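User: I've got this chain open on my screen and I'd like to talk it through. Can you take my questions one by one?

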Amino acid sequence: MDPYALVTPITRIVRDMASDQPVEHAATLEISRRVLTPDRLNTIVFGGFAAVRWRSLSSARRRAGVFVSARTREFGIRLAVGSQPGRLLAGVIAEGA
């Protein structure tokens, strides 16, 4: 069956349901199977998300390392004065978040 034969009936149904919704340039969602097979599409999409996530995590780790190394003396003084290591770590994590 020709998918474009369904454009007119579907357009009528949409207009009957919601007359304020424009329906223009109707087309099918047929995509070349050779270009975007489900496996390849999933690989591209999830690979992209993984790359972005990896980049943000590595950036966060670098920022945290700079933050902690810049405050090494402060941490040493706090520990010498009697601060609990757990509270110090919790403070660093809270500021990093």
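**A pair in helix 3**

Analyst: Let's start with R78 and E74, which both sit in helix 3 (residues 72-81), four residues apart, or about one turn of the helix. Keep in mind that this is a predicted model.

User: How far apart are the closest N and O atoms of R78 and E74?
Analyst: Side chains of opposite charge can pair when their charged atoms come close. R78 and E74 do form a salt bridge, and the count for salt bridges comes to one. The closest N and O atoms of the pair are apart by 2.9 Å.

User: Is R78 buried, partly exposed or exposed?
Analyst: Buried needs under 20% relative accessible area and exposed needs over 50%. R78 has 42% relative accessibility, so it falls in between. Its partner E74 has a relative accessible area of 27%, so E74 is partly exposed too. For R78, then, the call is partly exposed.

User: Moving to helix 1, is T11 buried or exposed?
Analyst: T11 is found in helix 1. Its relative accessible area is 14%, and the cut-off for buried is under 20%. That means T11 counts as buried.

User: Which backbone oxygen does the side chain of T11 reach?
Analyst: The contact spans 2.6 Å, starting from the side chain of T11. A polar contact needs N or O atoms within 3.5 Å, so this one fits. The backbone oxygen belongs to V7.

User: And how far is T11 from E24 in space?
Analyst: In sequence, T11 and E24 are 13 residues apart. Going C-alpha to C-alpha, the distance in space is 8.8 Å.

User: Which residues make the nonpolar surface patch?
Analyst: The patch covers about 410 Å². One of its members, I10, lies in helix 1 (residues 7-17). I10 is partly exposed because its relative accessibility is 48%. The full set is M1, L6, I10 and V14.

User: What share of the 97 residues is buried?
Analyst: Start with the fold: the chain has four helices and zero strands, running α-α-α-α from the N terminus. It exposes about 8700 Å², with carbon and sulfur atoms supplying 62% of that. Buried residues make up 6%.

User: Which element has the lowest mean pLDDT?
Analyst: Over the chain, pLDDT averages 77, and 75% of the residues score at least 70. Where pLDDT is low, the predicted coordinates should not be read in detail. Helix 1 has the highest mean among the elements, at 86. The lowest mean, 74, belongs to helix 2 (residues 38-70).

Technical notes: Residues are numbered from 1 along each chain as its sequence is written. This is a predicted model: local features need pLDDT of at least 70, side-chain atom pairs count only at pLDDT 80 or more; totals for chains, interfaces and linings use all residues. Side-chain values use heavy atoms; hydrogens and water are left out. Helices (H or I, at least four residues) and strands (E, at least two) are DSSP runs, numbered from the N terminus. Buried means under 20% relative accessible area, exposed over 50%, partly exposed in between (1.4 Å probe, protein chains only). Accessible areas come from the Shrake-Rupley method with a 1.4 Å probe; for residues, only the protein chains shown count as cover. Patches are made of residues with over 30% relative accessible area and no salt bridge: like charges are joined within 9 Å, nonpolar side chains (Val, Leu, Ile, Met, Phe, Trp, Tyr) within 5 Å. A salt bridge is a side-chain nitrogen of Lys or Arg within 4 Å of a carboxyl oxygen of Asp or Glu. A polar contact is a pair of N or O atoms within 3.5 Å; within protein, one must be able to donate a hydrogen and the other to accept it, and residues adjacent in sequence count only if both atoms are side-chain atoms. pLDDT is the predictor's confidence in each residue, from 0 to 100.
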